[in-house]
Amino acid sequence: MINSLFLISHSGDIFLEKHWKSVISRSVCDYFLEAKEKAGDPENVAPVLQTPHHYLISIYRGKLFFLSVTQTEVPPLFVIEFLHRVADTFQDYFGDCSEVVIKENTVTVYELLEEMLDNGFPLATESNVLKEMIRPPTILRSVVNTLTGGSNVGGTLPTGQLSNVPWRRAGVKYTNNEAYFDVIEEIDAILDKSGTTVFAEIQGVVEACVKLTGMPDLTLSFMNPRLLDDVSFHPCVRFKRWESERVLSFIPPDGNFRLMSYHVSSQNLVAIPVYVKQNISFLETGSCGRLDITIGPKQTMGKSVENLTVTIPMPKSVLSVNLTATQGTYTFDLTTKVVLWDVGKLNPQKLPNLRGSISIQTGSPKPEENPSINIGLQIQQLAISGLKVSRLDMYGEKYKPFKGVKYVTKAGKFQVRT
Amino acid sequence: MNGGFSSLRSEAAGAMRTVLVSAESLQLTLKPELTQEEQALTHATGGKARETLKAGNEDLKEMLESNKESLKLEAMKRIVQLISKGKNASDLFPAVVKNVASKNIELKKLVYVYLVRYAEEQQDLALLSISTFQRALKDPNQFIRASALRVLSSIRVPIIVPIMMLAIKEAASDLSPYVRKTSAHAIQKLYSLDADQKEHLIEVIEKLLKDKSTLVAGSVVVAFEEVCPDRIDLIHRNYRKLCNLLVDVEEWGQVVIINMLTRYARTQFTSPWKEDGIFDESEKAFYDSDSEEKQGQREAKPYIMDPDHRLLLRNTKPLLQSRNTAVVMAVAQLYWHLAPKHEVSIVTKSLVRLLRSHREVQYVVLQNIATMSIQRKGMFEPYMKSFYVRSTDATHIKTLKLEILTNLANEANISTILRGFQTYVKSQDKAFAAATIQAIGRCATNISEVTDTCLNGLVLLLSNRDETVVAESVVVIKKLLQTQPTQHCDIIKHMAKLFDNITVPMARASILWLMGEYCERVPKIAPDVLRKMAKTFTSEEDIVKLQTVNLAAKLYLTNSKQTKLLTQYILNLGKYDQNYDIRDRTRFIRQLIVPSEKSGALNKYARRILLASKPAPVLESAFKDRDRFQLGTLSHSLNIKTTGYQELSDWPATAPDPSVRNVEVIEPVQEWAPSLGKAKKPKSDKFYSDDEEDEKEEEGSGSGSEDDSSSSSSSSSSSGGSSEESGSASEEESSGDSEKTSSDSGKSSSGSEVSSSESESKQKKKKLTKKATPRKSKQTAADSDSDENGNGPVGKTSSSSAESSSDSESDSEEDSDSDSPAPQKKTVAKTKPKVEVKSKKEVSLLDLDDFSPAPPSAPKSSVFSSSLLSDLEGLSLSNVSSAMQVTSSSFGPVKTYELLHHMTGKGLSAKYHFPRQPCLYQPSMVAVQVILTNSSDHSLEEIHIGDRSPGSLNVHCFNTVERLEPGASVSVSMGIDFSDSTQAANFQLCTKEDQFSVSIQPAVGELLMPSTMKEPDFCSEQKKLMGMNETSATITMATANTSKQNISKQVLSVANVGVVSSDQNNLQRFSGRTVSSGALVLVTLELRESSTALLTINTEKTVMASMLLRDLKQALSQA
């Protein structure tokens, strides 16, 4: 299965290698680096590559390439999924998954990788199992360890490995028992020039933060589960129960986890919270253009739109922009040619507007395609699909937990064609 | 085996001795080195030592030598950092290896890391550590044992192979599943180190495959795939277990198991694809998917899926909801390769869901969808919008989406797709724009309606500023024109005009080729183009030059008057060109076209050679033939055969003997005996019958000490009780957690109202099983399949026999659904076939009984065949299989009656029918299946049965349906004791707001249940019921009904009776009992000439007899 793993920085520097079978020289990465060179944008590197003797499967996360080398047939998604799981684990342990952080924690990283795979086959990928074996580094613990000579590595088999609920460790204790659920929905949409919706759908996730003592058994039910068209669950959710009764019944993992992700059935019309009036034009002569964008609220269900951002990747021939924003600030990145307008909160009385001129390199022809506008926004306390949690029940434990549900709507891949 | 083992042991002992000897000598050699080093350290000043790398390592050595744990740990951390950066730290080996026995776990782990990394390079030194691991292998802490084995097996030193082998064998029977898992991993390591051990390793794999722990399953399958993927025979006996465990295996294991089972299934089952849609409706209806078996019976035309095949499909389906994308993909490919065509589309939604995942996941999934969408447009067409390209997508994602959109294009959606393409063509990503143009070309060739539109669009693109776009358009236009050259002179002219502005060689060459090929259509322009080319010939690219020569030659042949000189000029230029290809071509062309004495016969044919009509190029997807690789594999992704890729075999023409998958059966259905008495069994009991079986299985494995009798008794005790309920609700949490379990039981009963049709049918199966039990004594005799028991390996441990018994439980249930119709057939057919279908089945069943290793259905069939009554219940069971309506076609329609019209019911409509199965609640009740449908626009809540008028019939209500969404329907079952009268049962159907009075009036035939008897019994019973107990009439039958088969069909459609096999040709007999009082009802039909018949009914219930007579008369006289 997975033979070796190389971590490669954005610039092509191989800064960590780990082998689970016999050692493979890091020169194998040259093929990858070559492909990376050719692709230009790191996003464009094909995830699956072939070299004379090895196969390279890579992911790109947080400006890092996780490159795994395998010698035999293996389902590529198996490796990709695992690599993402590794990246998630790093994120979980160190709060970030970047070159600096990994370099700082090389030893922990190495210990983790050692536990996660055995002979290239995943051994322990559940975060709570790993955390029992290798405790995440904290300042306090490292101080204590240097004084007492204690270690971050556990000596017994994590309980999760053997139980039927590998995601939960035994003997969890909290003084404040609490269970919070965030229903986060993202609107993916493509609007065309005239503002008509070409394509819109809602993806949602239910993120949970559960800190409960013992072995609680939770049941979460929705007011309108019919909305959910396609779902995928954390392994803790009892699928049969969902199929027959449309309730989520589960023994939760300890801490933060994604309970489910769902897709709202496409029959339902998707409410588009904002409209965009835009006019971007490049003049045929004189190497300049104009830009005029106004954003207004459309279907916000009475909630206010916050964290509104507008991103416009300009054509490469654009030299500079000279704009004025009635609200918020804008920046123009000269290297990537991206205009980023941070609007903030949308005020329905006084609609934010960005207008001004664009100057283009002299001599270069008028760009053929107008740039598309990407919108980012957030609406608190609203799930745009109308999904509502109706109740949360706990069985199996005596105490009464604090419960809470929060709804957030965000713009996912929200694109306006111009 | 024993001999092999002992020889191994002695081998190991020998190896150990050498190890120890070498270790000793090494220790001796180590010592002076250390002292030297110590001296060096005392002399060297610390600060300077760190300056050079070598000194730096000295520094580390010093730290490792120190007595302080913390210093050692610090040193090891720094060494690991060196390793991680790929720097060589092998010179520290002696210093590091000494710490292998350290008490500090973290230090020890780091030493392990180091050891594994460098052991191969420093084999002698690595041997020093072996004894430590050997000791650790005996440690009481399972974690220590496991990690010792992990490291020991990772040390790639050939000399310790025997030690490893021994350790693996021991670990494979360790009590801790975690250690066993590790041993499965170690198998692969040892195999890669020394492939000669294969035979021994296969033994261990075989053993571990039998392991019941979900922890082990995935790892051992990986080992299997790596060591002996061709030993498919090892899987047979574990197949069902793997299928049943699958849901509980950890996600990575699921992926490999699913992939392996896909391969397995392709060798073991017959293709479900061949006969899709060919078979005759009524027959299909009768057996349908649930009532399968009967492989390879050619005269039974319809394809019947092997129950094991179905088991696999059913058990993998829930995994489509996994969060792990690899698992979802694995299930998708399994369905693609194994499921009947009409079932494959259930994976679509999940695959589309994966498209929202990471970029890399999208890439792989899109590749697979691209392959799928070529063959099955319909699967993905509804999700076309998900493949719309976003400007932020990576180029390869865009291209793949484009590919899929093109595959999906048809007459209906082409306009939408083309509109999208218009946007994409303008993309700043030029590679993508070019790909779009190709896609347009493909759409144009595939869909003739839009060819012209596309062509015009492409021509417009010719004036695009971007060179790559223009070039691509030219190339695509060229291909398109080739398919229909006649109408498009003006396009060729237009391209000729553009020729001067186009600089991309490929595009220029394409235009030149077009000119040449169709020079007769543009007689004026072509020579002019050639003239221009003659001017610039020397400065053109090679490919353009070749095409110029080509053009010249063609023009020379068609229009030599105008172009002779030009051609000669160009040929002369070509003759002295730097490129030998061009020189060659020139020489060839000259010989071909210019007549001279040297040129041979070819000259005459020059025109035919050069101007032959060329076949149009086929524009097709790059994914066209990708499906030769198993989907989801690396090979598929790269479109090459990768190392270690296992081909998916074609379906076998006839299935291999399915009995190989059997495991010992120990008196199936025994555990149901006690539950027979329980008339009122709460429905919820049966909801998750599958899981409950699974769970029992696990229980058995969890407590390995349990012997089989106790495990079967435990399952029997739980079968009716509340503990089962709890188990059923929660598959994950099995035995261990009593606290939770009890809490669950409450929930599951509350949740039991909603019944899916699947669970419904399962319920029925159970009932069937229960009914069968009273005749167990007989059945056990029939069931004495000693051959089955004999199949097992000789020295099975108690735990494994427990496993097999629990296996058989689950199997028994699995089988019961599939086999039940079969036995009935058999009895019916024993003497003489009454119904055509039945006769067919008969053959196989008798065969099965004759076979010594019974196929999977055999134990079952023997169970049932022992009792005629249960056989007949088998018949009714087949009626309630999921395909209710279809079933009816062979036995007359199952009539559905309206209970409540949706107009009167304010949106709630109810229909009922008699499923003709023994009632679950009380034996004297008639089962009624009610289908509630919500046709209103709001959801209805709390649908239940309200008051019944006093003195009315005894009714067992269905559980309250909590909520029924608009458009949804739910089917519930109830039982009514009609007391053998056709009096209607009146009751109220209530929702939260409303109440509706409804009534169920049974047809008299539904008040019966089949009773089976032999012909002599029938006659003797009939004799007892003469006189006033006999009712008879002469009837005239419709001509269509004269065949025996049709008669029994008609009779069975009216009355729920059983056929009594008879060898008298003109007599047909049916027998039944009334449900409530159990009075016999005997129906005899004596055929006379010219479609008349004497119908006689003997029963104590004379009222019923006359009513039944009337009904039968009516039915038989109708066509």
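This is a short chat about how chain A and chain B meet in a predicted model, and about one sheet in chain A.

Me: Quick one before we start: what are the ground rules here?

Reply: Residues are numbered from 1 along each chain as its sequence is written, and chains are lettered from A in the order in which they are written. It's a predicted model, so local features need pLDDT of at least 70 and side-chain atom pairs count only at pLDDT 80 or more, while totals for chains, interfaces and linings use all residues; side-chain values use heavy atoms, with hydrogens and water left out.

Me: How many residues does each chain put into the contact?

Reply: Chain B gives 110 and chain A gives 109, where contact means heavy atoms within 4.5 Å.

Me: And how many salt bridges are there between chain B and chain A?

Reply: The count is 10, a salt bridge being a side-chain nitrogen of Lys or Arg within 4 Å of a carboxyl oxygen of Asp or Glu. Glu126(A) and Arg323(B) form one, with their closest N and O atoms 3.0 Å apart.

Me: OK, switching to the sheet in chain A. What's the strand order?

Reply: It runs β11-β13-β9-β8-β23-β21-β16-β19-β18, an open sheet of nine strands with mixed pairing. Strands are DSSP runs (E, at least two residues), numbered from the N terminus, and two of them pair if DSSP finds at least two bridges between them.

Me: Why is one side of β11 and of β18 left without a neighbour?

Reply: Because β11 (228–233) and β18 (329–333) of chain A stand at the edges, each with a single partner strand.

Me: How does β18(A) pair with β19?

Reply: Antiparallel, over five bridges, with β19 of chain A covering residues 338–344. Thr329(A) sits opposite Asp342(A) of β19(A).

Key:
Helices (H or I, at least four residues) and strands (E, at least two) are DSSP runs, numbered from the N terminus.
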